[in-house]
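Here are a few short exercises to work through with the model open beside you. Try each task before reading its solution.

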Amino acid sequence: MKRKGNLSDDIETMSNFLEAFYGFTRGKLKRRSVKVFSENLMDNLTLLLNAYINGNWNPPASIQEDIVERDKIRHITKFPIEEHIIEWAILNIIEPV
């Protein structure tokens, strides 16, 4: 396998983070967290991108939630939208390689 380098320059772009946001939110635009994040989309993405570039990004704690369906309780773990956007931004570049 051939090693690929200098992927950070491709990951750390606003266009990649915008693509990551739209990729993650496809089919999820009615969710409250997506609506809140997209109200100030460019400001939120700029803060997220700067935190990623500067190495200040620390993933926030996951959210534990119980869902009851047909008398069955499911325990789920949800991650904040920021975590998903960072993951999508990285994978947008790495997966094609």
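**Exercise 1. Find the residues through which helix 3 and helix 5 meet, then work out how the two helices are oriented.**

Solution. Start with the contacts: on the helix 3 side they involve Ser-33, Val-34 and Phe-37, and on the helix 5 side Ile-81, Glu-82 and Ile-85. Sorted by class, this contact has four nonpolar residues, one polar and one charged. Next, take the geometry: the axes are 10 Å apart and the packing angle is about 75 degrees. Angles of 65 to 115 degrees count as roughly perpendicular, and helix 3 and helix 5 are therefore roughly perpendicular to each other.

Before going on, keep in mind that this is a predicted model.

**Exercise 2. Decide how much confidence the predictor places in the chain, and which elements mark the two extremes.**

Solution. Begin with the whole chain: its mean pLDDT is 88, and 94% of the residues reach 70 or more. Then go element by element: helix 1 (residues 8-11) has the lowest mean, 79, while helix 2 has the highest, 94.

**Exercise 3. Describe how helix 3 (residues 32-39) packs against helix 4 (residues 41-54).**

Solution. First, look at the axes, which come within 5 Å and cross at roughly 90 degrees. That crossing makes helix 3 roughly perpendicular to helix 4. Now list the partners: Val-36, Phe-37, Ser-38 and Glu-39 of helix 3 touch Leu-41, Asn-44 and Leu-45 of helix 4. The residues of this contact comprise four nonpolar, two polar and one charged. Notice that Phe-37 takes part here and also in the contact with helix 5.

**Exercise 4. Is Ala-20 buried or exposed, and which residues outside its sequence neighbourhood does Ala-20 contact?**

Solution. Locate Ala-20 in helix 2, which spans residues 14-25. Its relative accessible area is 0%, and the cut-off for buried is under 20%, so Ala-20 is buried. Setting aside neighbours within four places in sequence, Ala-20 contacts Ile-85, Trp-88, Ala-89 and Asn-92. For one of these partners, Ile-85, the C-alpha separation from Ala-20 is 5.5 Å, although the two are 65 residues apart along the chain.

**Exercise 5. Follow the contact with Ala-20 from the side of Asn-92, and find the polar contact that the Asn-92 side chain makes.**

Solution. Place Asn-92 in helix 5 (residues 81-94). Beyond four places in sequence, its contacts are Asn-16, Glu-19 and Ala-20. Finally, check the side chains: those of Asn-92 and Asn-16 make a polar contact at 3.2 Å.

Methods:
Residues numbered from 1 in each chain as written. Predicted model: local features only at pLDDT ≥ 70, side-chain atom pairs only at ≥ 80, totals over all residues. Heavy atoms only, no water. Helix = DSSP H or I, 4+ residues; strand = E, 2+ residues; numbered from the N terminus. Polar contact = N/O pair within 3.5 Å; in protein donor to acceptor, adjacent residues only side chain to side chain. Contact = heavy atoms within 4.5 Å. Buried < 20%, exposed > 50% of the residue type's maximum accessible area, 1.4 Å probe, protein only. Axes fitted to C-alpha atoms, helices over the stretch in contact; angles between N-to-C directions. Parallel < 35°, antiparallel > 145°, perpendicular 65-115°, else oblique. Nonpolar A, V, L, I, M, F, W, Y, C, P; charged D, E, K, R; others polar. pLDDT = per-residue confidence, 0-100.
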